[in-house]
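Reader: I like to see each label held up against its rule. Could you take me through a few of them?

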Amino acid sequence: MKGSLLAHALGALARRKARSIALGGGLAFAVALVAAVLFLTESLRAEAERARDAHPDIVVQKLVGGRPTTIPASERAKLGDIPSVREVTPRVWGYIFLPALQGNVTVVGAPRGAAPISVANGVLHSGRDLSPGAHEMIAGVDLAHFLGMLPGDELGLPSADPRAHAMKLVGTFKSSLDLWTADVILCDEDDARALLGLPEGDATDIAVTLANPAEARVVAATIVERLPGARVIERDLLERVYHLSYGRRAGLVLGASIPAILALLVLAWDRASGVGGDERREIAILKAVGWSTGDVLWAKLLESILVGALATALGLLLGYAWVFWLGAPGLRPALVGWSVLYPRASLTPVVDVAQLLGVTVAVLGPFVLLSVVPAWRAATADPLESMRS
Amino acid sequence: MNDARARAIGLMLLAAPALVIGVLTVDARSRRAARRAEEPALALVAARLPTSDLALSGGARWLRAASLEEPGAAFADGPALPDPDPAGGAMAPPVEVWSVAAERSLPPRREGDAPKR
């Protein structure tokens with residue numbers, strides 16, 4: 001009997017095509033929007049987490065007047081003998097505004113002794129690694145493109161420091177690493193120091209690697225004791241930063257979408273709860289030919305379930321396709337931000353069965369429950385009264 | 001459309017969410033696997049970068065490396081956008097600040113006027 005009711009429900013939906021499409025379309029759009037925001041946020045958070053292990057356990061900055069400033073590299077001597085500290089590395093990096101781009105690039109002095117990078121190990125799109133002291137640089141592939149440079153070309157970056165030297169582009173980062181390297185210019189530490197105008201013996205910050213990362217809290221406290229006024233950033237805090245950062249953005253986008261989603265749901269509710277004259281007559285005839293109230297109730301509920309299931313499936317598919325197949329046009333700038341050197345690398349989905357099921361149940365459950373009242377009203381209507389009206 | 005066909009289509013529609021969840025899970029899994037193949041390259045390049053933060057806000061230098069920069073930066077992704085600090089603009093300044101500002105905006109008192117409360 002349930003199979004026949006299902007067939008009847010489908011036929012009823014087909015007879016009221018416009019109403020079914022309005023209802024299902026509105027719901028599918030709302031599901032797609034919410035799902036896309038969730039997919040994108042989770043994906044960004046996961047991308048940010050992926051490189052976290054390469055981050056130093058502790059970063060030490062110097063504050064003057066509450067703002068970060070350069071730190072004497074000699075301060076490393078005060079940190080080297082702290083128990084559990086394995087390596088203390090002063091780092092040279094900073095930002096340069098490029099008028100040609102109307103944007104900032106991140107200039108990074110390559111740390112000495114870092115593992116070599118090449119096309120073969122998947123880091124570089126083209127070219128080779130830096131040769132120390134040769135005034136060379138590696139840039140993001142988009143950045144090089146924006147600057148109209150190919151490997152072998154030379155560029156003098158703007159700097160007030162007379163030590164700054166024109167640098168030769170010897171390689172570009174692979175575009176799949178764009179999320180981390182889109183705005184990066186990697187060069188020799190001396191070149192970076194000259195470009196950024198950092199005095200000899202100063203560093204942007206000091207990276208501390210620990211033998212046992214679990215002791216970061218204790219080591220951080222010791223560093224603060226030895227370098228009063230320093231700002232000590234532990235790697236564990238990064239997770240919190242990412243959650244706050246992307247969670248806030250997702251909240252803003254969803255918050256801005258609430259009126260649109262509510263309007264759609266109100267419209268859908270209005271369409272679902274209103275029983276038209278044709279529908280009333282149809283129910284009356286069904287009851288007159290022997291359908292019980294339960295049968296009519298089931299048929300009406302099945303109509304809602306069919307619309308809800310199809311709309312939820314369509315919404316999930318649209319949301320996923322929007323973010324991961326099309327690159328989230330329209331949504332990505334709102335959620336991710338924007339800049340001249342915008343990373344174009346595609347995002348990796350982190351959604352699993354549980355999350356997708358969660359979204360489905362969260363949408364389909366309330367939708368079907370809300371359909372019970374109009375279904376009950378339609379099912380209990382007096383057939384004679386309905387036919388007369 | 002006969003009853004059996006309608007029933008089959010109806011069942012397919014009911015199963016649509018499960019079908020879509022299955023397809024999306026398989027696609028997500030294959031994309032994750034492809035991404036995992038790039039992990040060694042990412043580890044190599046990340047070791048040379050100052051931070052693992054994503055290069056999403058290159059235009060706003062205070063946010064390029066959100067985990068290392070000053071938390072109370074002037075701008076987030078652009079002018080007039082909320083501050084990255086979670087306490088940002090959602091929290092009102094202390095009442096005293098308002099009262100002082102109100103005092104300043106009052107016309108100057110003349111000699112003999114009663115003090116205003």
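Author: Gladly; what follows is a short round of questions on how the chains meet, and the model is a predicted one.

Reader: Why is helix 9 of chain A called oblique to helix 1 of chain B?

Author: The axes of helix 9 (residues 293-325) of chain A and helix 1 (residues 3-14) of chain B cross at roughly 50 degrees and come within 8 Å. Roughly parallel needs an angle under 35 degrees, and roughly perpendicular runs from 65 to 115. An angle of roughly 50 degrees fits neither range, so the pair is oblique.

Reader: Which residues make that contact?

Author: Helix 9 of chain A brings A:I305, A:L306, A:A309 and A:L310, while helix 1 of chain B brings B:G10, B:L13 and B:L14.

Reader: What makes one residue of that contact polar, with 6 nonpolar and no charged ones?

Author: Gly counts as polar, so B:G10 is the polar residue here. Ala, Leu and Ile count as nonpolar, and the rest of the contact is made of these.

Reader: How do you know that B:E39 and A:R50 meet in a salt bridge?

Author: The rule asks for a side-chain nitrogen of Lys or Arg within 4 Å of a carboxyl oxygen of Asp or Glu. Between the side chains of B:E39 and A:R50 the N to O distance is 3.0 Å, so the pair qualifies. Across the interface of chain A and chain B there are 3 salt bridges.

Reader: Where else does A:R50 show up?

Author: Together with A:Y95 and A:W180, A:R50 supplies 10% of the area that chain A buries against chain B, more than any other three residues. The area buried between the two chains is about 6400 Å², with 65% from carbon and sulfur atoms.

Reader: Why does the salt bridge of A:R16 with A:E303 tie together parts far along the sequence?

Author: Their closest N and O atoms are 3.4 Å apart. A:R16 lies in the loop between helix 1 and helix 2 of chain A and A:E303 in helix 9, so the bridge joins parts 287 residues apart in sequence.

Key
Residues are numbered from 1 along each chain as its sequence is written. Chains are lettered from A and ligands numbered from 1 in the order in which they are written. This is a predicted model: local features need pLDDT of at least 70, side-chain atom pairs count only at pLDDT 80 or more; totals for chains, interfaces and linings use all residues. Side-chain values use heavy atoms; hydrogens and water are left out. Axes are lines fitted to C-alpha atoms, for helices over the stretch in contact, and angles run from 0 to 180 degrees between N-to-C directions. Helices (H or I, at least four residues) and strands (E, at least two) are DSSP runs, numbered from the N terminus. Contact means heavy atoms within 4.5 Å. Buried area is the accessible area (1.4 Å probe) that two parts lose on being put together, summed over both.
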